[in-house]
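Trainee: Could you take me through one part of this model slowly, pointing out the backbone features and the charged pairs that a beginner might overlook?

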Amino acid sequence: MASTTFSSAFSILSLPSSSPSPSVSVPRTLPVANRRRRAVAVASTATESPKVIELGDAIAGLTLEEARNLVDHLQERLGVSAASFAPAAAVAAPAAAVAEEAPVEKTEFDVVIEEVPSSARIATIKVVRALTNLALKEAKDLIEGLPKKLKEAVSKDEAEDAKKQLEGVGAKVSIA
């Protein structure tokens, strides 16, 4: 099938089009000599035939408009589309990425104050001030609109210590 595709594309580039489709304008000859292009050296393998190399050179000499017309013509003639091949590649890539990921142990924790009973507000404000070095007003504001993060990205030991102190005065605390 691949050799048929290459030979079909080659015949389209070098011979007059036999396609009855008037909407696709494919160039009949490739005036490569009068185009201003840089020469690109491409390493070829020993298994490539001269026909494939010649076809590749002819395609490389196309303008963007001619290449787009060639793609449209081949899709129409062969009954395929480039989009039909994209989902297979998109599915293969995430599967490989998931397989390579190792489980990561969490090293940073957040201390979140969930609830403070009204009888424990003053004691909780004192503990919050001691843990964060906040002023009285900021500590009071912190415990009013709960739940709120008291500390972010701290070690497990520091988070456990803060949780123990806050629960000691009656606040409900979680570590996330």
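Mentor: A residue is called buried when its relative accessible area is under 20%, exposed when that value is over 50%, and partly exposed in between. Please keep in mind that this is a predicted model. Let us look closely at strand E2 and what surrounds it in the chain.

Strand E2 covers residues 148-154, and the loop between helix H6 (136-144) and this strand holds Pro147. The peptide bond from Leu146 to Pro147 is cis, with omega near 0°. Within strand E2 itself we find Ala153, whose phi is near 55°, a positive value in a residue other than glycine. Because its relative accessible area is 44%, Ala153 is partly exposed.

Now consider the charged residues, starting from the general idea that side chains of opposite charge can pair when their charged atoms come close. For a salt bridge, a side-chain nitrogen of Lys or Arg has to lie within 4 Å of a carboxyl oxygen of Asp or Glu, and by this rule the count comes to seven salt bridges. One of them joins the side chains of Asp110 and Lys149, with 3.3 Å from N to O. This pair links distant parts of the chain, since Asp110 belongs to strand E1 (residues 109-115) and Lys149 to strand E2, 39 residues apart. Asp110 has a relative accessible area of 17% and is therefore buried, whereas Lys149, at 43%, counts as partly exposed.

Another salt bridge is formed by Lys151 and Glu158, whose closest N and O atoms are 2.8 Å apart. Here Lys151 is buried, because its relative accessible area is 13%, while Glu158, at 35%, is partly exposed.

If we step back along the chain to helix H6, we meet a salt bridge between the side chains of Glu144 and Arg121, at 3.5 Å from N to O. Glu144 lies in helix H6 and Arg121 in helix H5, so this pair ties together parts that are 23 residues apart in sequence. Both partners are partly exposed, Glu144 with a relative accessible area of 43% and Arg121 with 27%.

Finally, the loop between helix H5 (121-132) and helix H6 contains Asn133, and the phi of Asn133 is near 60°, again a positive value in a residue other than glycine. Asn133 counts as exposed because its relative accessibility is 69%.

Note on methods: Residues numbered from 1 in each chain as written. Predicted model: local features only at pLDDT ≥ 70, side-chain atom pairs only at ≥ 80, totals over all residues. Heavy atoms only, no water. Helix = DSSP H or I, 4+ residues; strand = E, 2+ residues; numbered from the N terminus. Buried < 20%, exposed > 50% of the residue type's maximum accessible area, 1.4 Å probe, protein only.
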